[in-house]
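Work through the exercises below with the sequence and the coordinates open. Each task is followed by a solution in steps.

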Amino acid sequence: MRGRVAGWFTGWRLWRLPSHVRMYVLLVNVVAAGTTLATAWLAPVRQIDLIRFGVLAVCAALAIEATRHIERQREYSRAPTVAYVDTKAVWSIAAVVALPAVLASAMVVLTYAVAWWRIWPRERPVLPHRWIFSCASVLCGTQAAVAVLALGMHEYPGVLAGGFGPGLVDLIVFVLAAGLRWAINTALVMVAIALSSQPRSFADLFSGFGDQLLEAGAIGLGLVTAALLLLANPLILAGVVIALVALHRGLLLTQFQRDARTDVTTGLATKRWWRTVAERYLEHARANQDSVGVLLLDLDHFKAINDTYGHPTGDLVLREIALSLRDEVRDQDVCGRWGGEEFAIALPDIPSAEHLGHIADRIRRRIPQVVVALPDQDSVISDLTVSIGCAMYPAEHLASVDDVLVAADAALYRAKQAGRNRVELASA
């Protein structure tokens with residue numbers, strides 16, 4: 001039995017993480033445990049507090065059970081470089097407002113334990129460190145919120161016990177506490193993402209960050225939950241559970257829409273979404289007498305990488321190439337994965353074919369600088385090259401996206417035939 005427990009513990013992926021990531025995760029866990037113990041004495045636990053905790057716990061468990069299949073899909077399809085929108089915050093925020101600190105902390109632990117047990121049964125043997133870290137980051141934010149409420153409220157706990165006490169001041173204190181809880185939790189998670197995935201820029205790190213505004217809705221719903229728990233019939237909390245199920249379905253729909261536009265391997269636009277955006281650019285150019293440039297890129301000898309190192313390593317190479325492409329273009333330019341090792345870029349408002357050629361050549365010179373470290377090996381893949389075909393709209397006989405793509409593809413073919421690692425412009 002002892003050997004089985006030891007094997008389960010040593011099998012965690014935590015021990016395979018880079019040392020600096022592992023130390024950061026363990027440090028946050030220790031801080032969470034220490035601050036939780038430090039705030040536990042701030043208020044005594046009464047019998048009514050235990051009853052309210054029980055009501056919240058039952059509602060939280062029901063909500064997690066009702067949404068566990070949606071949560072599993074959200075987790076599978078989410079981008080690894082974006083902080084997760086945690087709707088369990090409804091219950092922990094309500095607990096911070098309505099219950100003593102020790103029970104508020106217990107609510108965080110309970111919701112994460114139930115979610116871990118019900119949402120990820122197959123991953124439990126190897127991924128507990130992720131859930132422990134997520135729980136620890138929320139605990140750190142929770143203790144900060146508890147401290148703000150304890151210092152700023154005339155009565156702690158039970159901010160809502162007298163209808164916000166003296167009035168607007170208590171509401172402001174609550175907003176500050178909830179905002180600090182969110183900010184600390186999100187910051188700790190974003191640092192972990194930055195240390196683990198090493199994004200190239202702040203733009204990469206904060207891509208999709210607008211989804212975090214949805215957590216503001218969870219925080220507001222947490223306040224409503226606390227008010228219902230303290231001031232009204234707790235049975236009305238069934239309505240909060242129903243609202244959470246509806247919110248989860250809305251989140252899933254938004255995520256599916258984003259996934260339909262994003263290539264899972266590279267993070268660039270899918271072929272279909274790239275065409276949609278490119279068609280919009282051409283319509284705008286047609287209406288405003290502007291221009292659009294299109295680049296088709298093909299990695300040279302990419303099949304040899306897949307044959308030598310395997311397709312997972314090939315995917316790593318494609319991902320690094322995608323990051324370099326995004327670094328070399330503007331925010332309004334759309335990069336897409338066209339298929340296999342081919343990429344497409346649509347660039348609006350390009351003044352001339354010569355200017356488009358300069359951009360393409362800059363990208364061509366950037367690609368050999370890409371270095372891909374091989375997993376569990378000391379070697380790297382480097383000295384990659386790319387062939388690029390360029391086409392401009394408007395031009396003679398180019399009336400649609402398909403026409404521009406055919407012209408760019410013909411130029412790409414000439415670049416390949418001429419020896420690769422070249423840029424070719426479409427014939428006028």
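Two residues are in contact when they have heavy atoms within 4.5 Å of each other. The model is a predicted one, in which local features need pLDDT of at least 70 and side-chain atom pairs count only at pLDDT 80 or more, while totals for chains, interfaces and linings use all residues. Residues are numbered from 1 along each chain as its sequence is written, and side-chain values use heavy atoms, with hydrogens and water left out.

**Exercise 1. The chain as a whole**

Task: State how many helices and strands there are in the chain, what share of the residues is buried, and what share of the contacts between residues at least 6 apart joins residues at least 24 apart.

Solution. Step 1: helices (H or I, at least four residues) and strands (E, at least two) are DSSP runs, numbered from the N terminus. The chain has 15 helices and seven strands.
Step 2: buried means under 20% relative accessible area, exposed over 50%, and partly exposed in between, with a 1.4 Å probe and protein chains only. Of the 428 residues in the chain, 46% are buried.
Step 3: among contacts between residues at least 6 apart in sequence, 74% link residues at least 24 apart.

**Exercise 2. The largest nonpolar core**

Task: Find which residues of the largest nonpolar core touch the most other members, and which helix gives the largest share.

Solution. Step 1: a nonpolar core is a set of buried Ala, Val, Leu, Ile, Met, Phe, Trp, Tyr and Cys residues joined through side-chain atoms within 4.5 Å. The largest has 39 residues, and Leu56, Trp91, Leu99, Met107 and Leu237 touch the most other members.
Step 2: at least two residues each come from helix 3 (47-77), helix 4 (89-98), helix 5 (101-119), helix 6 (128-152), helix 7 (168-197), helix 9 (213-231) and helix 10 (237-261). Helix 4 gives the largest share, nine residues.
Step 3: take Leu56 as a sample. Beyond its neighbours within four places in sequence, Leu56 is in contact with Trp91, Ala94, Ala95, Leu99, Met107, Thr225, Leu229 and Leu237.
Step 4: another core lies apart from this one; its 31 residues include Leu347, Val370, Leu384 and Met392.
Step 5: check the cover of helix 4. In helix 4, 10 of its 10 residues are buried, among them Trp91, Ala94 and Ala95.

**Exercise 3. The surroundings of Ser291**

Task: Is Ser291 buried or exposed, and which backbone oxygen lies 2.2 Å from a polar atom of its side chain?

Solution. Step 1: Ser291 sits in the loop between helix 11 (271-288) and strand 1 (292-299). Its relative accessible area is 13%, so Ser291 is buried.
Step 2: the backbone oxygen is that of Ile350, 2.2 Å from a polar atom of the Ser291 side chain.
Step 3: setting aside neighbours within four places in sequence, the contacts of Ser291 include Ile350, Met392, Tyr393 and Pro394.
Step 4: two of these partners share a peptide bond. The bond from Tyr393 to Pro394 is cis, with omega near 5°, and Pro394 lies in the loop between strand 6 (386-393) and helix 15.

**Exercise 4. Positive phi**

Task: For Gln289 and Asp383, give the phi value, and state where each residue lies.

Solution. Step 1: recall the background. Most residues other than glycine have a negative phi, and most peptide bonds are trans.
Step 2: Gln289, not a glycine, has a positive phi of about 55°. Gln289 belongs to the loop between helix 11 and strand 1 and counts as exposed because its relative accessibility is 75%.
Step 3: Asp383, not a glycine, has a positive phi of about 60°. Asp383 belongs to the loop between strand 5 (380-381) and strand 6 and is exposed, at 63% relative accessibility.

**Exercise 5. A helix pair**

Task: Give the angle and the axis separation of helix 13 and helix 14, and list the residues that make the contact.

Solution. Step 1: axes are lines fitted to C-alpha atoms, for helices over the stretch in contact, and angles run from 0 to 180 degrees between N-to-C directions. Helix 13 (residues 311-328) and helix 14 (residues 353-366) pack at about 140°, with axes 10 Å apart.
Step 2: Ser324, Leu325, Asp327 and Glu328 of helix 13 meet Arg362, Ile363 and Arg366 of helix 14.

Note on methods. A polar contact is a pair of N or O atoms within 3.5 Å; within protein, one must be able to donate a hydrogen and the other to accept it, and residues adjacent in sequence count only if both atoms are side-chain atoms.
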